[in-house]
Amino acid sequence: MLCASLSFTCASAIPSWEELSAKQQAQLSSGKAVVIEEDVPGEPWPILTIYQIANCSPEEIAGVFWDSELDTKYLTGCRSVRFVERPTPSVQVAEFTLKMPFFLPDEVYTSRIELIPQTPGRYKITWRILESRYAKSCNGSVLLEPLSGKTLIRYRNFMAPHNRVAVLMRSPAKDRVVESVQALVNQVEKEKRESPQLMSQQQKDLMRALGK
């Protein structure tokens, strides 16, 4: 109980932590993710926000996330990633191909991904879909904040599908997003154990993108 109390005290200065209720904070501290759905008027899909604590540093997670070409190695259903352009060091535009459920054609979309400067020790990466087979719009962000030697992840995404038939895919889509956050954490932990050289290179690429 003392350890839990100290953890909560240290966490009180973390903005994303303060967004959560005491019950949600306790759920995160127990090792479980917190998933919040916010309905959007006139849209079949909600804004989805996932909070999770990872036993890694914000820099380690940001480095893996920024390495978009690696997505095919650990994200279920990600068939391919092809870079289209890098207009600035902190922006990458890439085309992704995802396997879809229910025998639907693959999703092919182009996303603009940007690394946004933050205060030291914090990282934020945003994305905005430029072209998509199934989405008329999609945007989101991942915010990584230090939390008592670990990292608090806040992953937020909203997609407006082209048609209301997509309401049938609401549950599978939610599950895929939740799984992708856990897959990211698993990949970081795996690299720490098995591929320290890859992780070192990812962090160098991250610093280069930030102009450091």
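**Exercise 1. Which residue in β4 does Glu85 stand opposite?**

Solution. Keep in mind that you're looking at a predicted model.

Step 1: Look at how the two strands are connected. β3 and β4 form a hairpin, with two residues between them.

Step 2: Check the pairing. β3 and β4 run antiparallel to each other and share seven bridges.

Step 3: Read across from Glu85. The residue standing opposite in β4 is Val93.

Step 4: Carry on to the other pairing of β4. β4 and β5 also pair in the antiparallel sense, this time over eight bridges. Here Glu95 stands opposite Thr110 in β5.

Step 5: Ask how covered β4 is. Seven of its eight residues are buried, so you can call the strand mostly covered.

**Exercise 2. Work out the strand order of the eight-stranded sheet, and find its edges.**

Solution. A bit of background helps before you start. Strands of a sheet pair through backbone hydrogen bonds, and they can do so in a parallel or an antiparallel way.

Step 1: Walk across the sheet from one side. The order is β1-β2-β8-β7-β6-β5-β4-β3, the pairing is antiparallel, and the sheet is open.

Step 2: Look for strands that pair on one side only. Those are β1 (34-38) and β3 (78-88), the edge strands.

Step 3: Look at the turn between neighbours. On average, neighbouring strands of this sheet are turned by 20° against each other, if you ignore direction.

Step 4: Zoom in on one pair. β6 (residues 123-132) and β7 (residues 135-147) run antiparallel and are joined by six bridges. For instance, Lys124 has Leu143 in β7 as its bridge partner.

**Exercise 3. Which strands does helix α4 touch, and is the helix enclosed or open?**

Solution.

Step 1: List the contacts. Helix α4 (residues 58-66) packs on the sheet and touches β2 (47-54), β4 (91-98), β5 (107-116), β6, β7 and β8 (150-161).

Step 2: Compare directions. The direction of α4 makes about 20° with that of β6.

Step 3: Count buried residues. A residue is buried if its relative accessible area is under 20%. Among those in α4 that pass this test are Pro58, Ile61, Phe65 and Trp66.

Step 4: Conclude. Eight of the nine residues of α4 are buried, so the rest of the structure largely encloses the helix.

**Exercise 4. Take three of the nine salt bridges and say where their partners sit.**

Solution.

Step 1: Start with Glu19 and Arg154. Their side chains meet in a salt bridge, 2.9 Å from N to O. Glu19 is in the loop between α2 (15-18) and α3 (22-29), while Arg154 is in strand β8, so the pair ties together parts that are 135 residues apart in sequence. Glu19 is partly exposed at 42% relative accessible area, whereas Arg154, at 10%, is buried.

Step 2: Move to Glu145 and Arg122. These side chains also meet in a salt bridge, at 3.0 Å from N to O. Glu145 belongs to strand β7 and Arg122 to the loop between β5 and β6, 23 residues apart, and the pair links distant parts of the chain. Both Glu145 and Arg122 are buried.

Step 3: Finish with Glu114 and Arg112. The closest N and O atoms of this salt bridge are 2.9 Å apart. Glu114 is partly exposed at 22% relative accessibility, and Arg112 is partly exposed at 26%.

**Exercise 5. Why does Lys136 count as exposed, and what does Lys136 touch?**

Solution.

Step 1: Place the residue. Lys136 is in strand β7.

Step 2: Apply the cut-off. Exposed means over 50% relative accessible area, and Lys136 has 52%, so Lys136 counts as exposed.

Step 3: Find the contacts. Skip neighbours within four places in sequence, and Lys136 is in contact with Glu43, Ala160, Pro161 and His162.

Step 4: Add a distance. From C-alpha to C-alpha, Lys136 and Ala62 are 27 Å apart in space, with their positions 74 residues apart in sequence.

**Exercise 6. How many disulfides does the structure hold?**

Solution.

Step 1: Recall the cut-off. The two cysteine sulfur atoms must be within 2.5 Å.

Step 2: Test Cys78. The nearest cysteine sulfur belongs to Cys138 and is 14 Å away, and Cys78 is in no disulfide.

Step 3: Conclude. The count is zero.

Step 4: Check burial too. Cys78 is buried at 9% relative accessible area, and Cys138 is buried at 10%.

Note on methods: Residues are numbered from 1 along each chain as its sequence is written. This is a predicted model: local features need pLDDT of at least 70, side-chain atom pairs count only at pLDDT 80 or more; totals for chains, interfaces and linings use all residues. Side-chain values use heavy atoms; hydrogens and water are left out. Two strands pair if DSSP finds at least two bridges between them. Helices (H or I, at least four residues) and strands (E, at least two) are DSSP runs, numbered from the N terminus. Axes are lines fitted to C-alpha atoms, for helices over the stretch in contact, and angles run from 0 to 180 degrees between N-to-C directions. Contact means heavy atoms within 4.5 Å. A salt bridge is a side-chain nitrogen of Lys or Arg within 4 Å of a carboxyl oxygen of Asp or Glu. Buried means under 20% relative accessible area, exposed over 50%, partly exposed in between (1.4 Å probe, protein chains only).
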